[in-house]
Amino acid sequence: MTQFIKRLWLLISVLWVSISMSAYDVEVDGFYYNVNLDDFTATIVKGDYNYKGEISIPLKFVYKNRHFSVVKIGKEAFAECEELKNIVIPDAIISIGDKAFFSCTALKNIHLPNALQDLGNAVFQNCTNLEAINIPSQIEILGNNLFAGCSSMKEITIPANIKLIRENVFADSGIEECTIEDSENVIELQASDINLGYADKKFHVSVGAFSNMPLKKLYLGRNYNLRTSYYKSNKSPFFGIETLEEIVIGSNVSSLPAQTFVSYYSVRTNTTSGYDWEYKACPNLTKLTVLPGNEKLIFKKEIEYGHDNSDGWFDDYKNIINLHLERNIDYSEFWIFNSIFPNVEKAVLDIGCTEVNNCLFDKCSSLHTVELSESIIKIYASAFYGTNNLNEILIKNPNPPTFEGNPGFTDKQFMNVILNIPISSKEKYSTAEIWKNFWEIKESAQSSIVDIICGPDELFNVYDLSGVLINRNINIDALESLPRGIYIVKSKEIFFKIKI
């Protein structure tokens with residue numbers, strides 16, 4: 001019996017080797033291919049020996065007087081080729097299979113061809129020296145674990161053509177800065193990688209897409225909705241990120257779902273009506289910038305997970321210290337009576353903002369400085385209630401903003417807070433309701449115009465002073481040709497105000 005088992009094992013081993021040795025159809029000049037005789041196309045695949053050094057995938061090859069075009073890179077074709085340092089992929093390649101470059105630890109840079117239409121799962125997983133990569137314009141899906149373990153990759157730009165990001169795409173990578181490019185497409189954050197398909201103008205992201213990465217700065221240029229299924233509601237799209245420091249919200253974003261920028265959830269109790277969740281905000285998320293846009297930015301309260309639990313609805317932003325708003329915001333859905341930025345220390349409501357919301361700084365006991373732009377015309381009830389350590393309000397509007405209800409200023413603030421206003425406006429403020437109660441009203445020269453020298457290849461979005469988009473993606477020549485006036489200008493890297 002034992003001898004029979006040994007012979008059977010030997011036979012299986014031989015068959016396995018035989019199958020392994022025949023995993024490709026042809027070998028030409030050190031490359032291994034599977035071929036399609038219907039159209040004489042070929043897929044490069046894994047062969048008897050690992051690829052190494054610097055190689056260039058052939059555009060075509062000849063085998064027994066037949067000409068083949070190389071159009072695909074197969075599953076695991078270059079997997080664990082640890083001595084592969086550089087590879088040139090021809091423009092004709094339209095598909096790269098799962099784990100095609102898995103654990104190619106010596107690979108530093110790779111350029112993907114513009115014709116590429118399909119990029120599989122875990123293609124570059126554990127490519128620990130990979131530093132940079134482009135995402136071609138025809139790619140719509142970033143597969144599971146696509147860049148997981150790419151510890152040398154420090155930044156990534158997700159272009160507007162991407163519609164779906166699956167789970168853990170960047171897990172355990174080195175990415176510290178992520179830019180989701182401006183687009184009118186809507187990002188839909190899903191709880192699990194289920195095949196729901198996607199419609200035009202929707203961008204699906206599975207829960208965990210941005211999980212477990214050392215992300216520090218996020219530029220969000222697109223709207224999204226959070227859709228987390230009940231049975232996997234212990235994760236958010238940014239689950240596990242303790243490093244996130246700064247978020248910049250682009251002009252196309254009109255709403256932010258609650259419970260997105262949280263580092264973890266945990267179950268506190270299990271009741272007959274469902275689970276009661278405890279939330280933890282990203283502990284290092286201290287800076288939030290909202291760029292100008294045509295609509296208010298709405299902070300949404302979405303009832304998730306099959307129950308209506310108010311805990312954590314607005315915890316996402318509780319560690320924000322520096323707040324810079326360039327348009328109006330609205331969080332009235334929450335039905336709360338204090339700020340969603342309870343620990344803010346400095347706030348700038350810049351050009352594009354016209355109001356200070358109800359309770360915007362309510363109970364912000366650490367707030368010491370507020371800057372209100374010339375576009376601010378109204379301040380609502382309880383906007384400054386509980387701002388016990390407020391030192392200075394800098395107002396750039398020569399005409400005093402009016403009040404809708406009691407803003408919450410105390411006698412102590414009237415006596416001690418410095419009110420900095422534009423030159424030649426002291427008389428107006430000294431007679432205006434509520435403003436006249438401040439003891440120390442100072443006039444000072446105020447200018448928010450900045451001279452910027454820009455490169456010839458820079459592209460800009462241009463807004464008027466109320467935040468309305470005027471021009472998109474114009475160069476420096478077109479910028480200089482704008483009619484005389486003051487504009488808000490935004491490029492990929494910076495945003496500023498400019499006088500023409």
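Accessible areas here come from the Shrake-Rupley method with a 1.4 Å probe. On that basis, the chain in this predicted model exposes about 23,500 Å². Carbon and sulfur atoms supply 50% of that area.

Turn next to the chain as a whole. It has 500 residues, and buried residues make up 49% of them. The secondary structure consists of four helices and 39 strands. Contacts can be sorted by separation along the sequence. Take those between residues at least 6 apart: 55% of them join residues at least 24 apart.

One sheet can be followed strand by strand. It is open, has three strands and runs in the order β21-β25-β27. The pairing is parallel. Strands β21 (255-257) and β27 (329-330) form the edges, since each pairs on one side only. Strand β25 covers residues 297-300. Two bridges join β25 to β27, and these two strands run parallel. To find the register, look at Ile-298: this residue stands opposite Asp-330 in β27.

Now move to a single residue, Glu-246. Its place is in strand β20, which spans residues 246-249. Is Glu-246 buried or exposed? The cut-off for buried is under 20% relative accessible area. Glu-246 has 17% relative accessibility, so it counts as buried.

Which residues does Glu-246 touch, leaving aside those up to four places away in sequence? The list includes three lysines: Lys-216, Lys-217 and Lys-287. Leu-218 and Leu-285 are also touched by Glu-246.

Key. Residues numbered from 1 in each chain as written. Predicted model: local features only at pLDDT ≥ 70, side-chain atom pairs only at ≥ 80, totals over all residues. Heavy atoms only, no water. Buried < 20%, exposed > 50% of the residue type's maximum accessible area, 1.4 Å probe, protein only. Contact = heavy atoms within 4.5 Å. Pairing = 2+ DSSP bridges.
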